[in-house]
Amino acid sequence: MKYTLTGVVAMDDNRAIGYQGALPWRLVEDLRLFKRITMGHPILMGRITHESMGRLLPGRQNIVLTRSSSYCAAEGAVVIHSLAQLEHVKLQDPEVMVIGGAQIYGMLLSKLDKLHVSHIHGTHEADTFFPPFSEQFPHVSEGEEYEGFTFRTYSR
Ligand SMILES: NC(=O)c1ccc[n+]([C@@H]2O[C@H](COP(=O)([O-])OP(=O)(O)OC[C@H]3O[C@@H](n4cnc5c(N)ncnc54)[C@H](OP(=O)(O)O)[C@@H]3O)[C@@H](O)[C@H]2O)c1
């Protein structure tokens, strides 16, 4: 099935996205926005992000990338071992949301049509970062202001 890839990420002023396997912040409004953006779409994630969530996200086809052929994901998740395998998945919608983490963003950045970014204000203790991206996405939407973050969409 033909599909497009859209990135969805929350990053701080240092492009930090994670700390010790979790998000470095807790922003309920950003989680709500994430839900609104991704609902009804397949969500593609790395195995570590899948495990950090600890459950399937409802209303979305959860697709997990792992190199392990024996990986046992949460029941109901679709497990794939390469991007090529995505073509053989019967997708709930052709716009696939790439939701991280850093390895998956890094691997797929050049293939993303667009990127939704919650720019979390300030800097945070972190061990996982989003790669530099702005040169690849010259078109930037006007920022939408929320409590603690600014939301922008980047496109090519
Ligand atoms: N701020 C945000 O928006 C956001 C979003 C998502 C995640 N995060 C944070 O990011 C951190 C996790 O990111 P991460 O980079 O450590 O892990 P990740 O990208 O979630 O998952 C990495 C795993 O994906 C699999 N993988 C990677 N490349 C692959 C390939 N080419 N083919 C097949 N499988 C592949 C491997 O699984 P196997 O080891 O099983 O082979 C690898 O260990 C956490 O702290 C999380 O909270 C933040």
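User: Let's start with a strand pair: which residue stands opposite K114 in β11?

Analyst: A quick word first: this is a predicted model. Strand β7 covers residues 114-120, and β7 pairs with strand β11, residues 149-155, in the antiparallel sense over 7 bridges. In β11, the residue opposite K114 is S155.

User: And which residue in β7 stands opposite V8?

Analyst: Here we look at another partner of β7. β1 and β7 run parallel and are joined by 6 bridges. V8 has its opposite number in β7, and that is H116.

User: How many residues of β7 are buried?

Analyst: To count as buried, a residue needs 20 or more other C-beta atoms within 10 Å of its own. Strand β7 is mostly covered by that test. Of its 7 residues, the number buried is 5.

User: Stepping back, how many helices and strands does the protein chain have?

Analyst: You can read the order from the N terminus: β-β-α-β-α-β-β-β-α-β-β-β-β-β. Counted up, the protein chain has 3 helices and 11 strands.

User: Why can we call the protein chain as compact as a globular protein of its length?

Analyst: The C-alpha atoms fill a box of roughly 40 × 30 × 25 Å along the principal axes. For 156 residues, the globule rule gives 15 Å, and the chain comes out close to that, so it is as compact as a globular protein of that length. The value behind this is a radius of gyration of 15 Å.

User: What share of the contacts in the protein chain with a separation of 6 or more comes from residues 24 or more positions apart?

Analyst: Start with the contacts whose partners have a separation of 6 or more in the protein chain. Now keep those between residues 24 or more positions apart, and the share is 68%.

User: Which element gives the largest share of the largest nonpolar core?

Analyst: In soluble globular proteins, nonpolar side chains tend to be buried together. Here the largest nonpolar core has 26 residues, and V9, M11, I17, L44, M97, V98 and I99 have the most contacts inside it. At least two residues each come from β1, β2, β3, β4, β6, α3 and β7. The largest share, 4 residues, is from β1.

User: Which residues does L44 touch, leaving out those up to four places away in sequence?

Analyst: L44 is among the residues with the most contacts inside the largest core. Setting aside residues up to four places away in sequence, its partners are I63, L65, V96, M97, V98 and I99.

User: Is V64 buried or exposed?

Analyst: V64 lies in strand β4. Its contacts, beyond residues up to four places away in sequence, are M45, R47, H50, A73, A77 and V79. It has 23 other C-beta atoms within 10 Å, and the cut-off for burial is 20 or more. That makes V64 buried.

User: And L56: how many C-beta neighbours does it have inside 10 Å?

Analyst: L56 is in the loop between α2 and β4. Apart from neighbours within four places in sequence, L56 is in contact with N62, A74, G76 and A77. L56 counts as partly exposed because its number of C-beta neighbours inside 10 Å is 17.

User: Where is the ligand, and which residues are closest to it?

Analyst: The ligand is surrounded by 28 residues. Elements giving two or more residues to that shell are β1, β2, β3, α2 and α3. The shell divides into 13 nonpolar, 13 polar and 2 charged residues. The closest are G18, G46, T49, G100 and G101.

User: Two of those glycines sit side by side; what kind of peptide bond joins G100 and G101?

Analyst: G101 is found in the loop between β6 and α3. Omega for the bond between G100 and G101 is about 0°. The bond is cis.

User: What is the phi of R15?

Analyst: R15 lies in the loop between β1 and β2. With 18 C-beta neighbours inside 10 Å, R15 counts as partly exposed. Although R15 is not a glycine, its phi is positive, at about 65°.

User: Is Q20 buried or exposed?

Analyst: Q20 is in the loop between β2 and α1. Its phi is near 50°, a positive value in a residue other than glycine. Because Q20 has 10 other C-beta atoms within 10 Å, it is exposed.

Terms used: Residues are numbered from 1 along each chain as its sequence is written. This is a predicted model: local features need pLDDT of at least 70, side-chain atom pairs count only at pLDDT 80 or more; totals for chains, interfaces and linings use all residues. A residue is near a molecule or strand if its C-beta atom, placed from the backbone, lies within 6 Å of it. Ala, Val, Leu, Ile, Met, Phe, Trp, Tyr, Cys and Pro count as nonpolar, Asp, Glu, Lys and Arg as charged, and the others, Gly among them, as polar. A residue is buried if 20 or more other C-beta atoms lie within 10 Å of its own, exposed if 12 or fewer, and partly exposed in between; C-beta atoms are placed from the backbone. Two strands pair if DSSP finds at least two bridges between them. A nonpolar core is a set of buried Ala, Val, Leu, Ile, Met, Phe, Trp, Tyr and Cys residues joined through C-beta atoms within 7 Å. Two residues are in contact if their C-beta atoms, placed from the backbone, lie within 7 Å. The radius of gyration is taken over C-alpha atoms; the globule rule is 2.2 Å times the number of residues to the power 0.38.
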